[in-house]
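Biologist: Got the model open? I'd like to go through it with you, bit by bit.

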Amino acid sequence: MIKNRLFYSVVWFLSILTLAVLLMIIGYIMYRGLTQISWEFLSEKPALMGKKGGIFPVIIGTLYVTGVALVIAAPIGIAAAVYFVEYSKEGRLVRIIRTFTEVLAGIPSIIIGLFGFAFFVVFLGFGWSVLSGGLSVSLMILPILIRSTEEALKTVPLSYREGSLSLGASKWETTYKIVLPCCKNGILTGLILSIGRVVGETAVIMLTVGGALKVPMSLFDSTRTMALHMYILAAEGISQERAFATAALLVLIILVINGLANIISARIGGAHGK
Amino acid sequence: MGNNSNAAMRPETQFEIRDLDLFYDKFQALHHVDMDILKNRVTALIGPSGCGKSTFIRTLNRMNDLIPIVKITGSVKFDGTDIFGRDCDVIALRKKVGMVFQKPNPFPKTVYENIVYGPRIHGEKNKRKLDELVEMSLKQVALWDEVKDRLHKPALGLSGGQQQRLCIARCLAVEPEVILMDEPTSALDPVATLKIEELMSSLRERYTIVIVTHNMQQAGRISDFTSFFLNGEVIETDHTDAIFSNPSNSKTEEYITGRFG
Amino acid sequence: MKASISEKRGRRSIRETAIERILFLAGITATISVALITIFIFGSGIPALLDSGFVNFLVGTNWSPANGSYGTLPLTAGTMAVTLTALVLGIPTGIACAVFLSEILHRKAARVFKFAIELLAGIPSVVYGFFGLIVVVPAVRTYILPLVRLWDPDAHTTGLSILSGAIILAVMILPTIVSLSENAISSVPAEYREASLALGANKRQTITGVLIPAARSGILASIILGMGRAIGETMAILLITGNVAVLPKSLLDPVATLTGTIAMEMSYASASHQQALFAVGIILFIIIMLLNAVAQGVSKRMGVNQ
């Protein structure tokens with residue numbers, strides 16, 4: 001059957017091609033970048049706008065922005081998921097709220113960036129700063145955190161809740177002491193994926209954190225994240241080597257993050273076997 | 001619980017149920033249920049599956065609150081207080097009316113943590129007191145010897161029968177007055193079932209027990225009173241001996257003798 | 001002592017109510033954010049729309065902020081050209097991968113392949129852009145251009161082009177298309193599959209004749225979401241498409257996109273220019289919202305069908 005042959009060849013070819021492209025991108029970036037990474041690169045200040053020296057302030061800036069975003073988004077995201085799964089009753093209001101949560105997930109990062117600029121940077125007067133950036137990025141990871149927590153909450157058997165309530169525990173006690181501890185792994189996966197999202201984000205950072213090449217001393221300082229630094233190095237032709245090194249670092253982080261998330265979610269599968 | 005002494009002479013009413021209707025959305029699951037459940041007695045609820053007995057027992061500790069589409073009319077009085085009334089604290093109610101479920105549902109915690117969960121929720125912080133409670137509750141359900149060396153191992157590692165006894169112990173640790181049991185042995189093998197039944201006879205002295213069972217021999221063996229449910233109605237309630245030897249309703253007789261259900 | 005169940009409402013129930021309120025607030029945070037985003041994007045952009053005139057702004061072909069001329073047609077055209085080309089490359093590849101994943105690979109191999117697709121989704125867009133700039137752009141210039149010259153001797157390109165952007169975008173939207181299509185295909189009821197095989201159809205005929213048609217709503221939704229992702233993508237495009245706000249004539253021409261223009265020009269824009277960029281944001285926002293709504297509608301229909 002020539003048709004069968006053709007069909008399977010096309011499917012195999014395109015799938016292998018996809019895999020090859022992935023390997024090529026990762027391989028090429030690693031090949032060109034890893035050799036540039038050294039202790040000095042990680043620990044030293046940049047010189048000549050990043051043409052020489054290391055990326056230490058940029059690493060700190062990345063950690064800072066990521067930290068702020070998680071501190072803001074994690075409690076809200078987890079609480080929102082708890083509200084949706086444990087507390088809300090089916091109704092119009094809840095349906096609308098959930099729809100808008102989906103909508104937020106679909107808004108492109110450049111729009112979030114524009115908003116962050118108009119609202120946090122200008123309107124609230126936070127300026128180009130870690131705070132503005134953290135707040136803006138937290139909007140992007142909020143839906144991720146809500147969704148992963150919701151998924152985890154849904155896997156907790158109803159019988160645990162019944163058991164707890166039947167002992168005279170209140171709803172919150174049941175949620176906090178019985179249900180949420182069962183969701184540790186799911187929530188952790190959400191946090192890890194969120195970190196990946198923040199670390200890789202550029203457009204929002206560009207419009208809200210500014211791009212100062214220095215270690216931020218306070219929430220109101222401008223700084224850079226690795227992704228933005230890499231963009232500037234590449235776009236302004238400052239240093240291809242440094243850009244490759246930073247890209248390799250980013251890809252490495254993403255590899256670790258995806259690996260971790262995968263391992264943890266594989267463990268979730270076996271958690272509620274009974 | 002100072003009322004145990006006179007309980008033998010003149011049983012008081014623990015639950016007084018009057019004209020109880022329950023709807024799942026538009027489907028009526030319970031019709032005009034009237035029943036008195038007596039203190040320190042074992043009451044068995046029997047009937048074919050889907051007859052509303054589980055729905056009924058879950059009404060007594062307001063477990064049906066979890067299901068948003070449930071609507072209830074009529075009254076259920078616990079010690080004289082309407083449990084659907086405005087001034088009823090559902091948490092206090094559930095503290096006094098414990099429940100054991102069809103499938104053992106220990107929390108994914110250690111044996112010890114399972115038992116102390118209830119007491120801690122209700123404010124007990126004293127470590128020694130908690131330790132004592134654990135030992136006492138586990139002894140009451142005859143589980144102590146089996147698990148005393150693995151108190152701090154996951155409860156999910158126990159066998160099904162052990163898990164169910166742990167759940168009963170967990171319930172006892174809160175010191176309830178009533179224990180509701182919703183087919184507590186249906187997921188267990190005969191040996192484990194026998195153990196639970198023995199356990200129930202030892203508990204009957206001190207607690208009011210309401211048990212849903214699909215097993216008529218079980219009802220006969222363990223209960224003082226039996227109530228027969230059919231299609232959401234209570235057909236009759238009487239002393240267990242009377243129900244099994246001389247039912248007054250022909251439907252009860254048909255069910256007892258195995259003609260349907 | 002006859003402790004009643006009607007006592008102690010007090011502190012505990014106040015705490016419960018307070019907690020429920022707090023959780024509700026968390027629940028509506030996303031909704032409030034969307035509202036704020038809408039207000040601030042529209043609020044900041046509408047003045048520019050009014051200034052230029054709504055029609056002029058949408059269909060004007062001259063985008064030159066220096067002269068105060070804001071016609072966004074070249075940007076919209078640029079976005080659409082890159083997106084549609086990316087879809088042409090990405091849809092067949094995505095569906096092929098989805099079929100490969102759900103129907104051909106064994107479970108273990110499928111897990112590895114899935115992980116690879118997730119990785120593809122995880123790579124930051126700026127890295128894609130950089131890779132495109134270093135690898136794809138020169139490749140288009142040195143390998144594609146000579147091919148095109150075979151029938152159009154006048155063709156020329158720097159490599160910064162619709163095609164380069166589309167190649168990278170196609171890779172970037174693959175994860176969206178693959179994972180959602182794979183879901184749709186594997187949730188086709190087993191009876192369909194069995195019925196088809198029982199009629200003597202072979203596996204290939206079952207896939208193309210039964211599974212893909214049955215999963216078409218899900219696949220369509222995945223394509224629409226992938227399209228949304230492509231239209232909203234910024235950093236990759238910014239580095240590869242050349243950012244020339246002129247209506248393109250061929251796939252080898254450079255273009256500026258809606259997103260790229262915002263990102264490029266925001267840093268140095270004057271006040272009125274900034275407003276115009278927010279107005280570009282409005283267009284983008286509306287397009288994305290429409291696409292998301294359509295995707296939602298389509299996948300809802302899928303729910304009804306099954």
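Biologist: How do the contacts in chain A split up by distance along the sequence?

Modeller: Counting contacts (heavy atoms within 4.5 Å) between residues at least 6 apart in sequence, 75% join residues at least 24 apart. Keep in mind that this is a predicted model, where local features need pLDDT of at least 70 and side-chain atom pairs count only at pLDDT 80 or more, while totals for chains, interfaces and linings use all residues. Residues are numbered from 1 along each chain as its sequence is written, chains are lettered from A and ligands numbered from 1 in the order in which they are written, and side-chain values use heavy atoms, with hydrogens and water left out.

Biologist: OK, and what is chain A built from?

Modeller: Chain A has twelve helices and two strands. Those are DSSP runs, numbered from the N terminus: helices are H or I with at least four residues, strands are E with at least two. From the N terminus on, the order is α-α-β-β-α-α-α-α-α-α-α-α-α-α.

Biologist: How much of chain A is buried?

Modeller: 57% of its 274 residues. Buried means under 20% relative accessible area, exposed over 50%, and partly exposed in between (1.4 Å probe, protein chains only).

Biologist: Let's pick one residue. Where's A:Ser239?

Modeller: A:Ser239 is in the loop between α11 (226–235) and α12 (240–271) of chain A.

Biologist: Is A:Ser239 buried or exposed, and why?

Modeller: Buried, because its relative accessibility is 6%. Leaving aside neighbours within four places in sequence, A:Ser239 is in contact with A:Gly50, A:Lys51 and A:Leu233.

Biologist: New topic: how many residues meet between chain A and chain C?

Modeller: 77 residues of chain A are in contact with 74 of chain C. The buried area is about 6500 Å², and carbon and sulfur atoms give 81% of that. Buried area here is the accessible area (1.4 Å probe) that two parts lose on being put together, summed over both.

Biologist: Which side chains make the salt bridge there?

Modeller: C:Arg15 and A:Glu173, at 3.1 Å, N to O. The rule finds one salt bridge across this interface; it asks for a side-chain nitrogen of Lys or Arg within 4 Å of a carboxyl oxygen of Asp or Glu.

Biologist: And which helix gives the largest share of chain A's side?

Modeller: Helix α1 (residues 2–33) of chain A, with 18 residues.
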